[in-house]
Amino acid sequence: MDDRTIDLIFAGCLESLPPVSSKIVRIFTSSTFTDTTMERNTLMAKCYPKIKDYCREKHGLEFQVVDMRWGVRDEATDDHMTTELCMKEIQNCQRLSMGPNFVVFLGQKYGYRPIPTYVLSSELQMIRDELSATGNDVALIDTWYRKDSNAVPPISVLQPISSILINFNNKRIPKLQAEDQAIWWDTLGKFQKLFRKAAASLYQQGRMDKDAMHNYFMSVTEREVINGILNVKNTKNHCLAYIRMINNINLQNLKKASLFVDIINRSIDVEATKLLANLRDERLPDKIETTNMQKYTVDWIGREGLDPETHEEYLKNFITHFYKNIIKLVDRAMRKEDSSALGQIITEILQHLHACNNSVKVFYGREDSLEKIKNYMLEDSDKILILYGEGGCGKTSLLAKSASMSTSKGWFEGSRPLTIIRFLGTTPDSSTLTPTLISICQQISYNFMIPFDTIPDDIVPLTAHFKQLLTMATKEQPFLFFLDSVDQLTGTQGANRVSWLPTRLPRYCKIIVSCACEESNPEVSKDYYVLRRMVDAEDNFIEVSALGEELAMQVIKMWMGTACRDLTNYQWRLVSNAIEKCSLPIFVKLVFAEICRWRSYTKSQDTHLASTVMDSIMMLFERIEKQHGRILVFHALAYITAAKSGLSESELEDLISLDDKVLDDVYQYHLPPVRRIPPLLWTRIRNDLPNYLSEREADGVSVMNWYHRQFRDTAKERYFKNMNMAMYFHSMIADYYLGIWGGGKPKPFKYTEIQRHRFNLTDKEGSADRKVPVQPLVFYSKDGNVSRYNLRKFGELPYHLVRSRRFRDLYENVLFNYEWLHAKLSSCPLQAVLADYEDASGNMDDKNAKRELMLVADALRLGGAVLALYPNMLAPQLVGRLLPESGTNSNIKMLLNDCDIKGPVHCALMPLYHCLHTPGGPLKVKIKTPHLL
């Protein structure tokens, strides 16, 4: 990133933004279904955990593999959506991944060749006419494809298999399921012949181009390689290819051979072989660098052909090469990254600028409110402007639009405003007051070349410093603040969340904030009423109301046009009736997402719209649970809802893989090679939650969280109504960050009754390594130096131990643990350490325990000036201050014993006697800098 780009980011410029630096290595692995099972299982068991550890420990990166075939029982999914999902996932990996993003494994099998899920109705009609003209029966097409006139232009949709073959998914009666599956595979074969025959004929007549024809011949794997490698500009830094050829495949054993080569009518499929050779031996080598492509030749041995025991050496060479190549690409990408302190500040600002642009994309209307905001900006008002309204009314979008217009519409011609935009609560550094103010002060200081070390980290002098910086605004460089959801800030210690805002603004300084106000909910509205008392000018309050029926319908019709969708007259009436009851922007968005799913042939009983925001979200959750399995969806969404700052996809997969309630449901009919959740299952759920889960950075990792408070509230209402369930999820997350089952330690589980019956198991219980990482406090390099700290553990573990009421674990592992305190002080601000004590104290009733917590917290505050510079002085500071309290307080005694044993590693000068101010005396805090006194 060049200096000019950095200057523009710090100035709050919204144009030509670079992407937010990724914190994840996300690899899509492409392969055919049956012939690479051995390699994929070996990678899952032996290689991926090592790469995951390396990325985490060396670079602080998450590592995730998107293998859409691992753990999946059958290529033909009921709704035919797997191919489309694969293409979306390739795009996601290309967008998100740091370094490598696509790996292909090719052998001698071209693989599964599905028929299209969606076909332009005009094209399908052309195919149908061609087949009819040549005397072919087209009843199959009429049975399985239905025209959707809601698509613009109309498309024909391949119907779900189980809508016609009702036992296709009936795992409870295997015989009926096997019958319907056999019928489907036979039907698919007939379709393939018909479509290829018609497409080839139409191509020869010049009525269909070559690409359109090839669409009916292409395998899923070729389509993946086209999107993942052949259409990619820079394959050198992002793509790998592995080719494996088997000598002497035994074609006498057709059942086994068909796993490794394409068989049709009991002989090799010549057409598939040619298509594969063209891809594997011509187009792929022409595109990818020779250093990124590796070839292996192995022999067919015994009845199995390929087996981990007979091909042990090949597998060892393969995973060694795979590991080295992935690591090489990750290291190469990280050499270009800015991991400095300035880089972290840039990432924080950049996230909010991108969030602003994303909100503006879907903005429509509100001209009156924008005119009022423009007048406020250009007039001499010395007070803040407040946008208020109920949750989901569009405050965030309006604030974002006003930020966008104030910087690009010439409102401040002849000057260059410093624009500071924060969507509070959307990143960890904008969720609590102290880091938010520090971040804002850093952005202002950069523009005036003021050293960052002049910014205090204690809230009282910090607030004063912030207000002092506001006076630096000039006519040539006015300050424009856009602070969304000020009522979402926490950590203001007591009174309220808005008292830090200035009641009078210096000249050339404008602050716009948004805040929730709901008549029916005084608790949500309390910060709004405080702002009312702080700002006594009615003109400085703008109510953001619902869109109104007319504008809401205009917005929906505009969005539908952009999405190339329409509705039947009956369906439009349903939309109009729903919008009449509620026209909040968040409701309009939910309605739009729902009606985009409606086909022109969807039955009326399946076209239902709710009349409130919460009911709409409940309907969405219920539909996803029905579609993907209630237990899996319940637990996946509950983990995201329970997390303090969100979860990375890798963490969510780990948590579900440790959750035997989910795995017992997913694997009730078969035994997995590795007891982990198949990645495809979560991918399908996430795909049905479009834009409702937002991506952001937390503790140096890309995490998912609900994009709006209403989703979090509804998820809590649905999944945490039973407090025992809430504690279960918090406890599971706590165990994960404690690392109880990390680093190869097998976790016990019970076989289901169905598994024991089907597989003749004598044991009731088993145990399995879930391939989840260890969770140390500190990661060390090979030479023993600290390479990085486990910030995710520091951010999440205390929160979950408190909420699962595991106070003994909290005391021993966190709040009265010397190693924890030293590591967290070495990597986080003192305020973050103190926040753990405040959170625990606020969530318990034990007065003695509260007193002990506050004694340690106050001791840390008293030593704050020293500890901020020298965290290695922690043990002497605690012992010197708390010795008089150790006799009557068992937890403090445990902490001081810990200091005696482990403290000398960091500081050999340990006091034998009480020698520093004890908490509870007249001294409350030491101010480290005198410039604000």
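The legends below describe close-up views of charged and nonpolar side chains in a predicted model.

**View 1. Salt bridge between Asp-148 and Arg-599.** The side chains of Asp-148 and Arg-599 form a salt bridge, with an N to O distance of 3.5 Å. Asp-148 belongs to strand S5 (residues 145–148), while Arg-599 sits in the loop between helix H20 (585–595) and helix H21 (613–628), so the pair ties together parts that are 451 residues apart in sequence. Both Asp-148 and Arg-599 are buried. By the rule applied here, the count of salt bridges is 54.

**View 2. Salt bridge between Asp-654 and Arg-676.** The closest N and O atoms of Asp-654 and Arg-676 are 2.9 Å apart, and the two residues form a salt bridge. Asp-654 is part of helix H23 (residues 649–658) and Arg-676 is in the loop between helix H24 (660–666) and helix H25 (679–687); the pair therefore ties together parts that are 22 residues apart in sequence. Asp-654 is buried, as is Arg-676.

**View 3. Salt bridge between Lys-721 and Glu-717.** Lys-721 and Glu-717 are joined by a salt bridge whose closest N and O atoms lie 3.2 Å apart. Lys-721 has a relative accessibility of 64% and so counts as exposed. Glu-717 counts as partly exposed because its relative accessibility is 33%.

**View 4. Network of salt bridges.** Four residues are shown: Arg-26, Glu-89, Glu-649 and Arg-686. Salt bridges link Arg-26, Glu-89, Glu-649 and Arg-686 in a network. Side chains of opposite charge can pair when their charged atoms come close.

**View 5. Positive surface patch.** Lys-58, Lys-236, Lys-328, Arg-335, Lys-336 and Lys-782 form a positive patch on the surface. One of these residues, Lys-328, is located in helix H11 (residues 312–334). The relative accessibility of Lys-328 is 32%, so this residue counts as partly exposed. Lys-328 can belong to the patch because its 32% relative accessibility is over the 30% required of patch residues.

**View 6. Nonpolar surface patch.** Val-866, Leu-869, Tyr-870 and Met-873 make a nonpolar patch of about 380 Å² on the surface. Among them, Leu-869 is found in helix H34 (residues 864–869). With a relative accessibility of 61%, Leu-869 counts as exposed, because the exposed class covers values over 50%.

Note on methods
Residues are numbered from 1 along each chain as its sequence is written. This is a predicted model: local features need pLDDT of at least 70, side-chain atom pairs count only at pLDDT 80 or more; totals for chains, interfaces and linings use all residues. Side-chain values use heavy atoms; hydrogens and water are left out. Patches are made of residues with over 30% relative accessible area and no salt bridge: like charges are joined within 9 Å, nonpolar side chains (Val, Leu, Ile, Met, Phe, Trp, Tyr) within 5 Å. Accessible areas come from the Shrake-Rupley method with a 1.4 Å probe; for residues, only the protein chains shown count as cover. Lys and Arg count as positive and Asp and Glu as negative; His and the chain ends are not counted. The place of a charge is taken as NZ of Lys, CZ of Arg, CG of Asp or CD of Glu. Helices (H or I, at least four residues) and strands (E, at least two) are DSSP runs, numbered from the N terminus. Buried means under 20% relative accessible area, exposed over 50%, partly exposed in between (1.4 Å probe, protein chains only).
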